[in-house]
Amino acid sequence: MRLIVQRVRSASVKVDGKVIGEIGSGLMTLVGFTHSDTPDTVKYLADRSVKLRIFEDENGKMNRSLLDVNGAMLIVSQFTLYGDTVHGRRPGFDAAAKPEQATKLYEQFIEEVKAFGVETATGEFGADMLVTLENDGPVTFTLEK
């Protein structure tokens, strides 16, 4: 499982020209799954992402988590996080989990984040989405297990 976590001032996702999810201050989280991912992997990275201290405290140091700042999370599935670009010019996606597995894990990730009391918004699994965000910092991290 791989996450790209971006600290944002705002973020939104559109499908077919219609906004289906948006947040103010918080985290824009792109989520990708591979074949070996399990519910335990999802639980671990949900915990890690909401508790990651990447928001500034009163001294300007990254010392506060999404929970500490009462931020929101926009969660968007992105199988291309497991794209292989080592060989040739066209990415291969053999490492990405099949949609049947990834859908279940994606839905679990959303529920795990919500269980922390985090306001969440989502994209639509498998849809062609347009994501807009204002990256704050910019601050971007990759989390994986």
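These exercises work through a predicted model, each with a stepwise solution.

## Exercise 1. Helix H2

Task: Find how far helix H2 reaches, which of its residues are buried, and what those residues pack against.

Solution:
1. Start with the span. Helix H2 covers residues 99-115, which makes 17 residues. From first C-alpha to last, H2 reaches 24 Å. That is close to the 24 Å expected at 1.5 Å a residue.
2. Next, pick out the buried positions. In H2 these are Ala102, Leu105, Tyr106, Gln108, Phe109, Ile110, Glu112 and Val113.
3. Now look for their partners. The buried residues of H2 pack against strands E1 (2-15), E3, E6 (72-77) and E7 (119-122), and against helix H1 (39-51).
4. Finish just past the helix. Glycine 117 follows H2 and has a positive phi, near 85°.

## Exercise 2. Where H1 meets H2

Task: Decide whether valine 42 and glutamate 112 are buried or exposed, and list what each one touches.

Solution:
1. Place valine 42 in helix H1. Its relative accessible area is 0%, so valine 42 is buried.
2. List its contacts beyond four places in sequence. Valine 42 touches Met1, Phe33, Leu105, Gln108, Phe109 and Glu112.
3. Check one of these partners by distance. Leucine 105 is 63 residues from valine 42 in sequence. In space, the two C-alpha atoms are 6.8 Å apart.
4. Turn to glutamate 112, in helix H2. Its relative accessible area is 17%. The cut-off for buried is under 20%, so glutamate 112 is buried.
5. List its contacts in the same way. Glutamate 112 touches Val42, Lys43 and Ala46, leaving out residues up to four places away.

## Exercise 3. Two threonines

Task: Locate threonine 29 and threonine 120, and name their contacts beyond four places in sequence.

Solution:
1. Threonine 29 sits in strand E3 (residues 26-32). Its relative accessibility is 0%, so threonine 29 counts as buried.
2. Threonine 29 contacts Leu3, Ile4, Val5, Met73, Leu74, Ile75, Val76 and Phe109.
3. Threonine 120 sits in strand E7. Its contacts are Met73, Ile75, Val113 and Lys114.
4. Add a distance for threonine 120. Leucine 52 is 68 residues away in sequence, and the C-alpha atoms are 16 Å apart.

## Exercise 4. An aromatic pair

Task: Describe the geometry of the pair formed by tyrosine 106 and phenylalanine 125, and say where each residue lies.

Solution:
1. Count the pairs. The structure holds 2 aromatic pairs.
2. Give the geometry of this one. Tyrosine 106 and phenylalanine 125 have ring centres 5.7 Å apart and planes at 45°. The pair is tilted.
3. Place the partners. Tyrosine 106 is in helix H2, and phenylalanine 125 is in the loop between E7 and E8. The pair links distant parts of the chain, 19 residues apart.
4. Compare exposure. Tyrosine 106 has a relative accessible area of 3%, so it is buried. Phenylalanine 125 has 30% and is partly exposed.

## Exercise 5. The largest pocket

Task: Find the volume of the largest pocket and the make-up of its lining.

Solution:
1. The largest pocket holds about 350 Å³ of space.
2. Its lining has 18 residues. Ser77, Gln78, Phe79, Gly126 and Met129 lie nearest the centre.
3. Sort the lining by type. It divides into 13 nonpolar, 5 polar and no charged residues.
4. Trace the sources. E3, E6, H2 and strand E8 (129-144) each supply at least two lining residues. E3 gives the most, with 3 residues.

## Exercise 6. Backbone exceptions

Task: Explain why aspartate 16, asparagine 70 and the bond between glycine 137 and proline 138 deserve a second look.

Solution:
1. Recall the rule. Most residues other than glycine have a negative phi, and most peptide bonds are trans.
2. Check aspartate 16. Its phi is positive, near 55°. Aspartate 16 lies in the loop between E1 and strand E2 (18-23). With a relative accessible area of 79%, aspartate 16 is exposed.
3. Check asparagine 70. Its phi is positive too, near 55°. Asparagine 70 lies in the loop between strand E5 (62-64) and E6. At 67% relative accessible area, asparagine 70 is exposed.
4. Check the peptide bond. Glycine 137 and proline 138 are joined by a cis bond, with omega about -5°. Proline 138 lies in strand E8.

Key:
Residues numbered from 1 in each chain as written. Predicted model: local features only at pLDDT ≥ 70, side-chain atom pairs only at ≥ 80, totals over all residues. Heavy atoms only, no water. Buried < 20%, exposed > 50% of the residue type's maximum accessible area, 1.4 Å probe, protein only. Contact = heavy atoms within 4.5 Å. Expected span 1.5 Å × (residues − 1). 1 Å grid on protein atoms, 1.4 Å probe; cavity = no way out; pocket = protein on both sides within 12 Å on 5 of 7 lines; lining within 4 Å. Points joined across faces, edges and corners; volume = space filled by probe spheres on them. Nonpolar A, V, L, I, M, F, W, Y, C, P; charged D, E, K, R; others polar. Phe/Tyr/Trp six-rings, centres within 6.5 Å; stacked < 30°, edge-to-face > 60°.
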